[in-house]
Amino acid sequence: MCGIVGYIGGKKASSILVDGLKRLEYRGYDSWGIAAMGNKKLSYAKKVGRISQSGDLAKIGGNIGIGHTRWATHGGVSNKNAHPHFDCSKKFVVVHNGIIENFAGLKKQLISEGHKFESDTDTEVLAHLVEKYYDGDLKEAVRRALLEVDGTYGIAVMSTMEPDKIVAAKHGSPLIIGIGDDENFVASDATALMPYTKKVIYPEDNELVEITKDGFCTVTIDDKKVDRKVQEIDWEQGLAEKNDYPHFMLKEIFEQPQVVRNALAGRVIPTEGLAHLGGLNMSPEELLKVKRIVFVACGTAYYAGMVGKYMIEECASIPCEVEFASELRYKRILFDKDSLVLVVSQSGETADTIAAMKEIQRKGIKVLGISNVVGSTIARETDGGVFIHAGPEIGVASTKAFVGQITALAILALEFGRLKNLSFMEGKRIAEELKKIPEKIQKILDQSDKIEEIAGKYLNHDNFLYLGRRFNFPIALEGALKLKEISYVHAEAYSAGEMKHGPIALIDENFPSIFIVPKDSVYDKTISNMEEIRARKGKILMVTTEGNLDVEKYVDDVVYIPETLEMLEPLLTVIPMQLLAYYIAAMKGRDIDKPRNLAKSVTVE
Ligand code: AGP
């Protein structure tokens with residue numbers, strides 16, 4: 001989704017903007033632009049396509065500037081619609097993330113007042129509104145402009161009239177201010193600031209920040225001064241580099257043993273069979289009062305919620321539901337104050353998830369977050385929660401965050417379970433087994449060459465069916481999503497038992513099935529489903545538990561995973577799904593880290 005970077009200090013702004021925008025490339029974009037000022041002179045460049053150090057950039061001098069990567073919403077993908085946008089006199093420059101919902105009415109009004117528009121975007125109205133209200137104070141003009149606006153925004157504005165400042169503001173879209181020595185930054189995402197500073201402030205919704213080279217000042221949209229504390233980001237720069245991996249996605253897949261260790265650290269006590277998540281901010285008494293748990297999320301995070309549902313129902317017998325955030329906001333909310341809502345979001349900035357969270361909070365229901373990004377909107381605006389500590393996930397296709405989310409949910413299931421149903425021995429077994437997961441994931445990663453070879457055999461198929469039952473049904477869904485996202489090959493997933501109720505009609509020798517069938521409580525039933533496919537000459541790639549050698553005569557290909565507890569299988573079975581999708585996409589030459597049409601964090605509803 002769109003990205004923002006702004007800089008003010010002593011260095012060449014355009015270099016920092018381009019570097020920052022490149023760090024935000026993973027969010028997805030279709031065009032980009034920067035504007036910078038020196039000696040009150042404004043220069044800019046806007047382009048469709050990927051950011052490159054083109055000749056145009058050399059002429060963009062100055063020590064203050066703003067830049068943007070655009071993911072088109074209003075108006076097609078073109079140079080004129082790329083940000084920054086300007087007022088009529090090109091004195092005011094704006095970059096914007098979000099959507100101005102009442103832009104059509106505002107534009108009509110501004111045109112009737114004589115303003116000339118150059119683009120089809122909603123954003124351009126902001127530049128003209130600032131021009132309209134400017135009376136010697138840029139911050140005040142931005143504030144007055146924003147009072148007219150409905151919708152969401154993270155913006156950065158600068159002006160040749162006041163070339164020593166950037167004004168940034170936020171409502172419903174992410175925004176962060178980076179604090180340096182004699183230089184300051186603004187960005188939509190901390191990743192852009194990593195090489196420059198770890199000190200940041202997080203403005204809240206309806207706040208404006210005036211940023212100069214040596215300070216900042218924050219006010220509300222009602223012009224009341226607010227104090228925002230400077231905080232430290234603890235991510236290490238090295239984590240956002242690709243090192244020797246061809247893609248971030250592959251690097252992130254291989255980081256997963258460490259991701260599980262990070263998520264478990266200090267939270268599980270195997271000798272006692274206990275787990276404790278301090279960030280929940282809930283006492284055992286409060287936890288015991290929970291009668292229902294509702295997971296709210298989108299995409300991969302939704303599938304993590306599905307795994308969480310199975311885990312918590314299994315360990316603690318608390319009824320759970322999983323809701324698409326994009327649907328929940330538009331239906332009646334039929335749970336109450338005995339319910340606990342868990343919003344799951346890697347980025348903590350997904351607009352649908354934030355909107356659903358706010359709607360639930362409005363009803364006085366407790367909401368906790370499971371997120372990877374410290375300081376994200378969800379992390380800040382929930383009543384507590386769990387950080388998965390997976391480090392920055394750059395590849396658009398989520399991998400390590402999913403494994404981190406499931407690990408956090410397993411810990412939560414253990415904590416709830418030990419308060420309720422689980423015996424000491426059962427708790428001990430889960431805790432001990434959780435600790436062994438990293439080395440078991442490593443054993444699967446060590447088979448990556450074999451999975452790459454298998455990927456080569458399936459490369460030319462245009463359709464895939466992914467099947468699993470119980471804990472592995474969400475993994476079938478996740479496997480199909482991964483393949484679709486990065487290879488653009490059609491894949492769909494079903495609970496294996498549902499296959500005979502319709503999708504079986506698709507099966508022939510050209511429609512392979514990926515069966516996720518570890519040796520567990522539903523093994524025999526799933527094998528019967530596999531027989532139904534075999535009888536129709538469908539090719540089968542099976543993921544099963546090591547030692548299950550008999551299957552080799554029935555299926556076309558097998559990937560073995562180490563044995564574990566049934567509830568923890570998803571932490572292992574998802575690894576071959578990720579690698580299979582990765583290698584098929586790589587062999588097809590896809591843009592794996594930035595697949596077409598996708599954005600890393602979807603910040604529009
Ligand atoms: C996963 O590979 C996706 N790109 C996407 O489904 C993602 O999981 C979804 O948009 C939710 O994102 P979040 O976890 O940052 O909220």
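Begin by selecting Thr152, Gly172, Arg329, Ala355 and Glu605, the residues that lie nearest the centre of the second largest pocket, whose lining counts 16 residues. What you have open is a predicted model, and the tour moves from this pocket to the domains around it, then to other spaces, a helix and the cores.

**The second largest pocket**

The volume of this second largest pocket is about 340 Å³. If you now show helices, look for H10, which supplies 6 residues and with them the largest share of the lining of the second largest pocket. Colouring the lining of this pocket by class gives 5 nonpolar, 4 polar and 7 charged residues. Domain 1 (3–233) and domain 2 (240–444) each contribute at least three residues to the lining of the second largest pocket.

**The three domains**

Next, colour the protein chain by domain: domain 1 covers 3–233, domain 2 covers 240–444 and domain 3 covers 447–591. The centres of domain 1 and domain 2, taken over C-alpha atoms, are separated by 34 Å, and the contact takes 10 residues from domain 1 and 13 residues from domain 2.

**The cavities**

How many cavities of 30 Å³ or more does the structure hold? There are 5 cavities of 30 Å³ or more in the structure. For the largest cavity, select Asp189, Ala190, Ser347, Glu349 and Val373, which lie nearest its centre among the 23 residues that line it. The largest cavity holds about 270 Å³ of space, and its lining is made up of 10 nonpolar, 7 polar and 6 charged residues. Because domain 1 (3–233) and domain 2 (240–444) both give residues to the lining of the largest cavity, this cavity lies between them.

The second largest cavity has a volume of about 70 Å³. To find the second largest cavity, select residues of its lining, including Cys2, Trp71, His74, His83, His96 and Asp122; by class, the lining of the second largest cavity has 3 nonpolar, 7 polar and 2 charged residues.

**Helix H1**

Select residues 13–23 now, which form helix H1. Why is H1 described as largely enclosed by the rest of the structure? The reason is that 8 of the 11 residues of H1 are buried. The buried residues of H1 are Ala13, Ser14, Ile16, Leu17, Val18, Gly20, Leu21 and Arg23. To see what covers them, add strands S1 (3–8), S2 (31–38), S4 (64–70) and S10 (184–187), which are among the parts of the structure that cover the buried residues of H1.

**The largest pocket**

Move on to Cys298, Gly299, Thr300, Lys600 and Val602, the residues nearest the centre of the largest pocket, which is lined by 27 residues. Helix H8 (299–316), strand S20 (339–345), helix H10 (351–362) and helix H15 (473–487) are the elements that give two or more residues to the lining of the largest pocket. The volume of the largest pocket is about 520 Å³, and its lining residues divide into 11 nonpolar, 11 polar and 5 charged. Domain 2 (240–444) and domain 3 (447–591) both give residues to the lining of the largest pocket, so this pocket lies between them.

**The nonpolar cores**

Now select Ile293, Met311 and Tyr466, which touch the most other members of the largest nonpolar core, a set of 99 residues. This core draws at least three residues from each of domain 2 (240–444) and domain 3 (447–591). Centre the view on Tyr466 and show what surrounds it: leaving aside residues up to four places away in sequence, Tyr466 touches residues that include Ala476, Leu483, Tyr494, Ile514, Met577 and Leu580. Apart from the largest nonpolar core lies another core, of 28 residues, and you can locate this other core by selecting Ile100, Tyr133, Tyr134 and Ala169, which are among its members.

**Pro595**

For the last stop, follow the chain past helix H17 (569–587), since Pro595 is placed in the segment after this helix. Is Pro595 buried or exposed? With a relative accessible area of 3%, Pro595 is buried. Not counting residues up to four places away in sequence, Pro595 touches Val396, Glu485, Ile486 and Tyr488. Finally, select Tyr488 together with Pro595: these two residues are 107 residues apart along the chain, and their C-alpha atoms are separated by 8.6 Å.

Key:
Residues numbered from 1 in each chain as written. Predicted model: local features only at pLDDT ≥ 70, side-chain atom pairs only at ≥ 80, totals over all residues. Heavy atoms only, no water. Buried < 20%, exposed > 50% of the residue type's maximum accessible area, 1.4 Å probe, protein only. Helix = DSSP H or I, 4+ residues; strand = E, 2+ residues; numbered from the N terminus. Contact = heavy atoms within 4.5 Å. 1 Å grid on protein atoms, 1.4 Å probe; cavity = no way out; pocket = protein on both sides within 12 Å on 5 of 7 lines; lining within 4 Å. Points joined across faces, edges and corners; volume = space filled by probe spheres on them. Nonpolar A, V, L, I, M, F, W, Y, C, P; charged D, E, K, R; others polar. Domains from an automatic or database assignment. Core = buried A, V, L, I, M, F, W, Y, C linked by side-chain atoms within 4.5 Å.
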